[in-house]
Amino acid sequence: MITRTPKEATVETGRALWQLELGSGIRGVGELLQRLDLRPEQVGWTDESVAAADYFPLRVPTSFIDRMRPGDPADPLLLQVLPVGDEMLPTPGWSLDPLAEAPASPVPGLLHKYCGRVLLITTGACAVHCRYCFRRHFPYAEHRVSDPDFDAALDYVAADPTIREVILSGGDPLSLPDTKLARLTKRLEGIAHVERLRIHTRLPVVLPTRVDEALLTWLTSTRLRPVIVLHVNHGNEIDAEFAAWSRRLLSAGVPLLNQAVFLRGINDSVEAQRDLSERLFSTHVMPYYLHILDRVEGAAHFAVEEETARGLIRSLSQQLPGYLVPRLVREDAGALAKTLICP
Ligand SMILES: *Cc1c(COP(=O)(O)O)cnc(C)c1O
Ligand code: SF4
């Protein structure tokens with residue numbers, strides 16, 4: 001086996017910098033804690049935490065770790081990625097597949113729940129493993145959509161003229177190489193009734209180098225109107241680098257929205273939500289949705305009661321202009337849209 005330095009790999013394989021960084025994210029809890037000057041006992045490390053890390057492995061890019069506060073076991077970014085023993089507690093009523101999406105999937109890899117838009121599961125991979133995510137139970141290898149599945153999905157979109165918008169989701173669609181994304185987009189462009197291309201992604205947030213020339217070229221060379229919906233949960237995720245890439249996307253004509261999840265101990269205060277909205281706006285991102293946590297097994301310790309969340313958003317509405325207050329929503333199986341709780 002030949003060992004290559006990252007630079008050589010870039011030259012020889014034609015891989016972009018972000019792809020190398022994606023591959024070199026931190027996967028060991030020991031290394032994460034060491035980088036943050038934390039001892040295992042400070043984060044309550046137990047045998048159960050080990051089991052949690054075995055079940056859904058730690059994965060986090062170093063650029064995200066750089067935004068965590070060293071020495072703080074309650075850091076809101078750390079809590080989103082650190083495996084903890086609570087994940088292994090039994091929680092009756094919380095399921096492996098809380099959204100029960102199978103009935104909304106007419107062909108593999110495509111969800112058609114709402115009028116006028118379909119969602120494509122382009123990949124199971126993500127740059128970061130968020131502990132509260134329902135993907136924690138996703139058998140990544142089995143569910144990866146292969147190209148024949150895309151054929152079926154594209155045929156489905158082509159056959160239904162009411163579909164105006166295609167949402168690339170996953171996993172994280174931006175974990176795919178630009179060449180693959182461009183190929184998929186070309187085929188969508190060939191379907192006359194598709195007008196909008198929406199991308200649901202957390203990748204640039206955790207790996208800022210993802211926003212490079214190749215991505216901007218792809219986004220500006222399609223006739224489809226692009227819109228990116230980011231996933232940022234806490235104001236500390238937004239730094240100067242974030243501001244730089246979001247400005248580039250805005251300059252390329254790509255509107256930026258944000259969806260967050262209400263998470264106990266992370267963003268369940270009026271101050272945290274106000275700070276998040278203000279920092280999003282200062283970096284050209286409009287708050288869009290704030291989701292009540294899906295009832296996924298292993299995530300119950302993150303849950304915020306709906307009544308508490310509602311009260312918090314009411315207070316937020318009294319402190320911010322309406323356009324900076326995200327819509328608090330819940331996902332109900334069979335509903336024709338997300339259920340608006342507040343405002
Ligand atoms: C959330 C979601 C959408 C998008 O809903 P919007 O209200 O348009 O943001 C589309 N399809 C599925 C399956 C979804 O879960
Ligand atoms: S799908 Fe989104 S929330 Fe889930 S692990 Fe990937 S980046 Fe995190």
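What is the volume of the largest cavity in this structure? About 60 Å³. Keep in mind as we go that this is a predicted model.

Let me stay with that cavity for a minute. The structure holds one cavity of 30 Å³ or more. Going along the chain, its lining is N258, Q259, A260, Q273, L276, S277, L280, P287, Y288, Y289, L290 and P326. If you'd rather think in elements, β6, β7 and α13, which is residues 270-282, each put in at least two of the lining residues. And the chemistry? Eight of the lining residues are nonpolar and four are polar, with no charged ones.

Okay, on to the pocket. The largest pocket comes out at about 1,000 Å³. There are 43 residues in its lining, and the ones nearest the centre are F134, S169, H200, Q259 and H291. You've heard one of those already: Q259 is also in the lining of the largest cavity.

The elements giving two or more residues to that pocket lining are all strands by label: β1 at 110-114, β2 at 117-121, β3 at 165-169, β4 at 196-201, β5 at 225-230, β6 at 256-261 and β7 at 286-291. Of the elements, β2 gives the largest share, with four residues. As for the mix, we have 24 nonpolar, nine polar and ten charged residues lining the pocket. So unlike the cavity lining, with no charged residues, the pocket lining does have charged ones, ten of them.

Now let's zoom out to the whole protein. We've got 14 helices and nine strands. The radius of gyration is 20 Å, close to the 20 Å the globule rule gives for 343 residues, so the protein is as compact as a globular protein of that length. If you want outer dimensions, the C-alpha trace spans about 55 × 55 × 40 Å along the principal axes.

Buried residues account for 51% of the 343. Then contacts: take the ones between residues at least 6 apart in sequence, and 81% of those join residues at least 24 apart. On the outside, the protein exposes about 15,600 Å², with carbon and sulfur atoms supplying 55% of that.

Last part: some backbone oddities to click on. Where are the cis peptide bonds I'd like you to look at? One runs from G170 to G171, with omega near 15 degrees. G171 sits in the loop between β3 and α9, where α9 is 178-189. Another cis bond goes from C342 to P343, omega near -5 degrees, and P343 is in the segment after β9, which is 339-342.

Then there's positive phi outside glycine. D37 has a phi of about 55 degrees. You'll find D37 in the loop between α3, 29-35, and α4, 47-55. Is D37 buried or exposed? Its relative accessible area is 61%, so D37 counts as exposed. H284 is another case, with phi near 75 degrees, in the loop between α13 and β7. H284 has 22% relative accessibility, so we call it partly exposed.

One more residue and I'm done. S251 is in helix α12, residues 240-251, and with a relative accessible area of 60% S251 is exposed. Pair S251 with L215: they're 36 residues apart in sequence, and C-alpha to C-alpha they're 13 Å apart in space.

Notes
Residues numbered from 1 in each chain as written. Chains lettered and ligands numbered in written order. Predicted model: local features only at pLDDT ≥ 70, side-chain atom pairs only at ≥ 80, totals over all residues. Heavy atoms only, no water. 1 Å grid on protein atoms, 1.4 Å probe; cavity = no way out; pocket = protein on both sides within 12 Å on 5 of 7 lines; lining within 4 Å. Points joined across faces, edges and corners; volume = space filled by probe spheres on them. Nonpolar A, V, L, I, M, F, W, Y, C, P; charged D, E, K, R; others polar. Rg over C-alpha atoms; globule rule 2.2 N^0.38 Å. Buried < 20%, exposed > 50% of the residue type's maximum accessible area, 1.4 Å probe, protein only. Contact = heavy atoms within 4.5 Å. Areas by Shrake-Rupley, 256 points an atom, 1.4 Å probe, with all protein chains shown as cover.
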